[in-house]
Amino acid sequence: MRPSLSVFGFDFSTWRLVVLSAVVFCWILLLKRTKRLGYPFWPVLVLLVLGLPAGAAGGHVFNALIPIAFGAPGSSGLTIIGSIVAALAFAWAYLKFRLKIEPLPFIDAAAFTLPLGIMIGRLG
């Protein structure tokens, strides 16, 4: 895989493009599934948009804390674990306190996207 693509003078990392495509693909699948289960479209979309930076922040924090906790220098390579934990915590809080719905059935409906996202991210 090429390390970057140049479009109109802008360089785009191919890994970031693969991850972005995984996010968009999983969002589309999740939005279709939640619509079928009766959840409102716009609040779910807002949850996804706000959950993305929460997951990214959790990944960065986890990536920084693991080497400190275990005394290993450098990156831990476990960023996805921190991202999943942070995004799940954010989703639970948002659903429980903002939307006032039971979070576990929604999170259960969204669980199928986790392995799919990890698989696509590993391909990149």
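Which residues of α1 are buried? Let's start there, and please keep in mind that this is a predicted model. The buried residues of α1 are T14, V18, A22, C26, L30, L31 and T34.

Now, the helix itself. Helix α1 covers residues 14–37, which is 24 residues. At 1.5 Å a residue it should span 34 Å, and its end C-alpha atoms are indeed 34 Å apart, so the expected and modelled lengths agree. Just after α1 comes G38, which takes a positive phi of about 95°.

Let's go back to L31, one of the buried residues of α1. Which residues does L31 touch, leaving aside its neighbours within four places in sequence? L31 is in contact with F41, V44, L45 and L48.

That brings us to the core. The largest nonpolar core has 13 residues, and L31, V44, L47, L48, L95 and F106 are those with the most contacts inside it. Two or more residues each come from α1, α2 (41–70), α3 (79–98) and α4 (103–110). Helix α2 gives the largest share of this core, 4 residues. As a bit of background, nonpolar side chains tend to be buried together in soluble globular proteins.

One last stop, for those of you with the structure open: find V61, which lies in helix α2. Is V61 buried or exposed? The answer falls in between: V61 has a relative accessible area of 46%, and buried means under 20% while exposed means over 50%, so V61 counts as partly exposed. If you also pick out F8, 53 residues from V61 along the chain, you'll find their C-alpha atoms separated by 34 Å.

Thanks, everyone!

Terms used
Residues numbered from 1 in each chain as written. Predicted model: local features only at pLDDT ≥ 70, side-chain atom pairs only at ≥ 80, totals over all residues. Heavy atoms only, no water. Expected span 1.5 Å × (residues − 1). Buried < 20%, exposed > 50% of the residue type's maximum accessible area, 1.4 Å probe, protein only. Core = buried A, V, L, I, M, F, W, Y, C linked by side-chain atoms within 4.5 Å. Contact = heavy atoms within 4.5 Å.
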